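Colleague: Got a minute to walk me through this fold before I head back to the bench?

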Amino acid sequence: MKKPSFFAKLSVIPALLGCAMLSAMAPTAYSQIEKSLRFIPENVDFGVINEEDGKVKRTVKAVNISQDSTFIISARTSCGCSAAEYPDDVLAPGDTAIVTLTYDPVNRPGKFLKTAKFFTGKERIGNSIKLSGTVIPSQKNLDRVYPDKAGRLRLSSAFINAGEVSRQEARPLFVGIYNDSDRQIALSAETDSYPLEAGITPDTIEPFGVATLTLMLKGRNIAGKENEFMFKAFLIETESGDTITSIPVGGYVKTN
């Protein structure tokens with residue numbers, strides 16, 4: 001029976017972790033206190049943001065839908081790129097507070113999905129809202145992070161120097177991919193040699209979105225007595241089957 005590839009093995013990890021997390025959460029998942037706030041709108045779409053324009057803000061109504069007076073005691077966002085501001089007024093049932101959500105697009109190209117959570121009352125009831133949008137990078141940062149062009153794509157590197165590789169190791173290598181167009185593109189990856197495996201995550205890139213080409217170089221499978229090696233990975237447009245570009249992977253095998 002053929003052994004599953006490195007990428008096939010990786011694909012089951014999120015599922016296993018998800019099961020473990022759900023099991024750990026099971027005792028409390030159904031005992032949480034109901035939300036005390038309703039947001040209008042329910043989620044915030046920042047739309048298309050130009051990185052060079054800097055931070056963007058949106059205001060949202062937060063309505064107290066509980067039967068008791070409450071207040072926002074604190075707020076937390078899922079990353080340092082976003083922030084949440086709120087008033088400390090007491091909210092009677094049905095009262096509305098205006099909260100402000102901020103996103104910083106600097107050095108964060110592509111689509112994003114973040115969460116802001118507002119905690120209310122002494123019980124610290126959590127009330128979450130999603131933040132989403134797409135960041136178009138400045139030309140300066142685009143040239144810095146994705147300097148190499150390949151059709152509608154831009155790459156963080158058009159060549160990978162793997163350096164010295166032991167025959168006992170499996171080394172992961174990465175190339176960032178940016179979709180420099182307003183059209184979605186589905187990709188797959190292939191290699192010309194057995195010692196090199198390739199996968200793309202995600203395999204469909206939204207307009208102005210990003211993905212990662214992951215290469216696994218297996219030293220034990222590099223045949224022959226030559227110390228130096230050169231393999232190639234290929235980016236392929238799934239719909240047409242056309243090869244967009246090839247990425248050489250070079251290095252040499254450690255002999256002792």
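What follows is a short chat about cores, strands and salt bridges in this predicted model.

Colleague: Which residues have the most contacts inside the largest nonpolar core?

Modeller: Nonpolar side chains in soluble globular proteins tend to be buried together. In this model the largest such core has 27 residues, and strands 12 (170-179), 16 (210-218) and 17 (228-237) are among those that each supply at least two of them. The residues with the most contacts inside the core are Ile177, Leu213, Leu215, Leu217, Phe229 and Leu235.

Colleague: And what does Phe229 touch, leaving out residues up to four places away in sequence?

Modeller: Phe229 is one of the core residues with the most contacts. Leaving out those sequence neighbours, Phe229 touches Ala162, Val165, Leu217, Ile222, Val249, Gly250, Gly251, Tyr252 and Val253.

Colleague: Which strands are the edges of the open four-stranded sheet?

Modeller: The strand order in that sheet is 1-3-6-5, with antiparallel pairing. Neighbouring strands are turned by 30° against each other on average, ignoring direction. Pairing on one side only marks the edges, and those are strand 1 (37-40) and strand 5 (82-85).

Colleague: What is the bridge partner of Val60 in strand 6?

Modeller: Strand 3 (residues 56-64) and strand 6 (residues 96-103) run antiparallel and are joined by eight bridges. Along strand 6, Val60 finds its bridge partner in Val99.

Colleague: On to charges: is Arg154 buried or exposed?

Modeller: Arg154 makes a salt bridge with Asp143, with the closest N and O atoms 2.8 Å apart. The pair ties strand 10 to helix 2 (residues 139-145), 11 residues apart in the chain. The cut-off for buried is under 20% relative accessible area. Arg154 has 3% relative accessibility, so Arg154 counts as buried.

Colleague: How far apart are the closest N and O atoms of Lys218 and Glu197?

Modeller: Lys218 sits in strand 16 and Glu197 in strand 14, 21 residues apart in the chain. Lys218 is buried at 12% relative accessible area, and Glu197 is buried at 14%. Their salt bridge has its closest N and O atoms separated by 3.0 Å.

Colleague: Why does Lys57 count as exposed?

Modeller: Lys57 in strand 3 meets Glu85 in strand 5, 28 residues apart, in a salt bridge of 3.9 Å, N to O. Glu85 is partly exposed, at 41% relative accessible area. Exposed takes over 50%. Lys57 counts as exposed because its relative accessibility is 53%.

Technical notes. Residues are numbered from 1 along each chain as its sequence is written. This is a predicted model: local features need pLDDT of at least 70, side-chain atom pairs count only at pLDDT 80 or more; totals for chains, interfaces and linings use all residues. Side-chain values use heavy atoms; hydrogens and water are left out. A nonpolar core is a set of buried Ala, Val, Leu, Ile, Met, Phe, Trp, Tyr and Cys residues joined through side-chain atoms within 4.5 Å. Buried means under 20% relative accessible area, exposed over 50%, partly exposed in between (1.4 Å probe, protein chains only). Helices (H or I, at least four residues) and strands (E, at least two) are DSSP runs, numbered from the N terminus. Contact means heavy atoms within 4.5 Å. Two strands pair if DSSP finds at least two bridges between them. Axes are lines fitted to C-alpha atoms, for helices over the stretch in contact, and angles run from 0 to 180 degrees between N-to-C directions. A salt bridge is a side-chain nitrogen of Lys or Arg within 4 Å of a carboxyl oxygen of Asp or Glu.
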